Each structure stands twice: as structure tokens, then as C-alpha cells.
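Thank you all for coming; I would like to walk you through one structure that is probably new to most of you. Please have a look at it on the screen while I talk.

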Amino acid sequence: MAQQTDIKYLTPISVDIRKKKYCRFKKSGIKYIDYKDAEFLKKFINEQGRILPRRLTGTSLKFQKKVAQAVKRARHLALLPFVADNLKTNQ
Amino acid sequence: MLNHYETVFIMTPVLSEEQMKETVKKFESYLLEKGAEILHQENWGLKKFEYPIEKKNTGFYHLIQFDAEPSIIKDFELQYRRDEKIMRYLTVSLDKHAFAYSEKRRKLRKEKQQKEEKEGVIL
């Protein structure tokens with residue numbers, strides 16, 4: 001049995017500790033996402049005003065759909081922009 | 001069977017104060033005449049848009065929360081479409097979570113207003 005030689009890596013393997021993602025709505029018990037509350041919805045859109053994907057925010061499918069619907073309604077009422085260049089920085 | 005509804009509409013900023021009030025009154029009376037029960041109203045006043053609508057950058061927002069028969073919603077929205085002072089409208093039905101949320105929000109707003117009146121700050 002080949003003697004197990006310790007494998008030397010050129011670069012140290014960076015195993016980033018995978019932060020366990022959790023759905024913040026389930027955790028904090030929020031049941032309804034209000035489309036009128038633009039400040040709260042701003043947490044779920046990026047600089048360009050686009051909706052953040054689930055893999056970044058870690059929300060569950062059920063609440064991601066509610067967030068998406070609320071953001072789209074807020075956009076319809078001009079509370080959120082459809083496309084923005086520096087949404088969060090100019091406040 | 002009465003459902004819970006919430007409608008937000010935006011009026012052109014070019015209106016004067018009483019014209020704005022009169023259009024709100026028009027929709028309110030339309031609802032009451034159709035047997036709806038208005039629970040709550042909020043006037044957000046003049047607000048800036050995030051993007052220009054019909055070449056304008058501001059508008060009067062008004063919110064009405066009401067219970068109504070589902071059948072009246074279609075021609076209620078027809079009224080919106082006919083009225084050219086309304087730039088945009090959104091009617092949403094509230095499920096039980098949404099309705100509970102709006103109750104809580106209304107209570108919060110009332111407390112905030114009372115607190116402000118107590119401090120003599122006129123909202």
C-alpha cells in the first residue's frame with residue numbers, strides 16, 4: 001500500500017467556513033412583506049435596483065416569492081426604481 | 001362574502017389642494033355607494049417618484065383600505081382608468097397575514113400620531 005505521503009499544495013486551500021444561511025423571515029417570524037415599505041425592501045435589491053438571488057440572501061422559496069412580488073408592486077408605484085445606478089449610496 | 005382590499009393611487013401633482021381632496025372624495029363615495037366598508041385611509045401627500053411617470057417627478061399618494069364584494073373591484077378600477085387625474089393605481093387583496101399586518105401598522109401609526117400631538121408637534 002503506497003505509503004501515504006502528505007500532499008503539499010502550492011497554495012493553501014482556502015476552505016471558507018460556509019456560514020449556515022438561514023431564512024431571516026422564518027427566524028424573525030415575519031409573515032407578510034409590505035410593498036409600501038420601500039426602506040425595508042431596499043435590503044433585498046442590489047445597487048442597480050435588481051432583486052437579490054436566494055443564494056446570496058438565503059431566504060426560503062416561499063418568502064423569496066413574496067419579496068419579489070412586493071418589490072414588483074413597489075416598482076409599479078414608483079416607490080422603488082426599475083433600474084438605478086447608485087441606489088443605496090446617494091441617500 | 002366581503003374580502004379585504006387595499007388600494008393605493010397616485011394623482012398628478014398639478015392639482016390644487018381641494019381638487020385633490022375632491023377626487024379622493026369621489027372614489028370614497030363610489031366605494032361607499034357600492035356597499036364597501038372603508039376601514040382606513042392614509043394620505044401620504046406629495047412624494048417624489050423614483051422614476052418619472054408621464055414626464056412628472058412627484059405625485060399625491062393616497063391609500064384606502066376597505067372590505068368589499070369582489071364583484072365591484074372591476075368597475076372600481078374602471079373608474080380609475082376613466083379619471084385622467086389618476087396617474088397610477090394598484091388594488092391588492094389582503095390575506096389573513098396581510099390583514100393582521102395592516103391592523104398592527106394602523107395601531108402603530110395611531111400611537112405615533114397621538115405621541116406627536118401630545119408633544120405639541122403638529123404632524
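Let me start with Glu54(B), which is partly exposed, with a relative accessible area of 46%. Glu54(B) has a positive phi of about 50°, even though this residue is not a glycine. Please keep in mind throughout that we are looking at a predicted model, and that each value I quote has been computed from it.

Where along chain B does Glu54(B) lie? You will find Glu54(B) in the loop that links β2 (37-53) with β3 (56-68) of chain B, and those two strands make a hairpin with two residues between them.

A second residue invites a side-by-side look, namely Ala78(A), which also has a positive phi, here of about 60°, although Ala78(A) is not a glycine. Ala78(A) belongs to the segment that follows α4 (61-76) of chain A. Is Ala78(A) buried or exposed? Ala78(A) is buried, with a relative accessible area of 1%, whereas Glu54(B), as I said, is partly exposed at 46%.

From the hairpin we can move out to the sheet around it. In chain B there is an open sheet of four strands, with antiparallel pairing, and its order reads β2-β3-β1-β4. The strands at the edges are β2 and β4 (86-93) of chain B, each of which pairs on one side only. On average, and with direction ignored, neighbouring strands in this sheet are turned by 20° against each other.

If we look at how the strands are joined, β2(B) and β3(B) run antiparallel and are connected by eleven bridges. Along that pairing, His40(B) stands opposite Gln65(B), and Gln41(B) stands opposite Ile64(B). On the other pairing of β3(B), nine bridges join this strand to β1(B), again antiparallel, and there His4(B) stands opposite Asp67(B). How much of β3(B) is covered? The strand is mostly covered, with ten of its 13 residues buried.

Now to the helices that meet these strands. From the other chain, α4(A) lies across β2 and β4 of chain B, and α4(A) runs at about 155° to β4(B). Within chain B, helix α3, residues 96-118, packs on the sheet and touches β1 (3-11), β2 and β3, with its direction at about 85° to that of β2(B).

A few words about chain A as a whole. The secondary structure of chain A amounts to four helices and zero strands, and 36% of its 91 residues count as buried. Among the contacts in chain A with a separation of 6 or more, 63% come from residues 24 or more positions apart.

As a general remark before we look inside, nonpolar side chains tend to be buried together in soluble globular proteins. Which residues touch the most other members of the largest nonpolar core here? In that core of 33 residues, they are Phe25(A), Ile33(A), Tyr35(A) and Tyr61(B). At least two residues each come from α2 (38-41) and α4 of chain A, and from β1, β2, β3, β4 and α3 of chain B. The largest share, five residues, is supplied by α4(A).

To take one member, and leaving aside neighbours within four places in sequence, Phe25(A) is in contact with Ile30(A), Ile33(A), Phe40(A), Phe44(A), Thr59(A), Phe63(A) and Val67(A). Apart from the largest core lies another one, of 20 residues, which includes Tyr5(B), Met11(B), Ala36(B) and Phe66(B).

Two of those residues bring me to the aromatic rings, since that is my last topic. Over all chains, the whole structure holds 17 aromatic pairs. One aromatic cluster is formed by Tyr5(B), Phe9(B), Phe27(B), Tyr30(B), Phe66(B), Phe76(B), Tyr80(B) and Tyr89(B). One of these rings, that of Phe27(B), has the charged end of Lys26(B) sitting over it, 5.1 Å from the ring centre. In chain A, Lys36(A) lies over the face of Tyr35(A), at 4.9 Å from the ring centre, and Tyr35(A) is one of the core residues I named a moment ago.

Conventions. Residues numbered from 1 in each chain as written. Chains lettered and ligands numbered in written order. Predicted model: local features only at pLDDT ≥ 70, side-chain atom pairs only at ≥ 80, totals over all residues. Heavy atoms only, no water. Buried < 20%, exposed > 50% of the residue type's maximum accessible area, 1.4 Å probe, protein only. Phe/Tyr/Trp six-rings, centres within 6.5 Å; stacked < 30°, edge-to-face > 60°. Lys NZ or Arg CZ within 6 Å of the ring centre and 35° of its normal. Pairing = 2+ DSSP bridges. Axes fitted to C-alpha atoms, helices over the stretch in contact; angles between N-to-C directions. Contact = heavy atoms within 4.5 Å. Core = buried A, V, L, I, M, F, W, Y, C linked by side-chain atoms within 4.5 Å.
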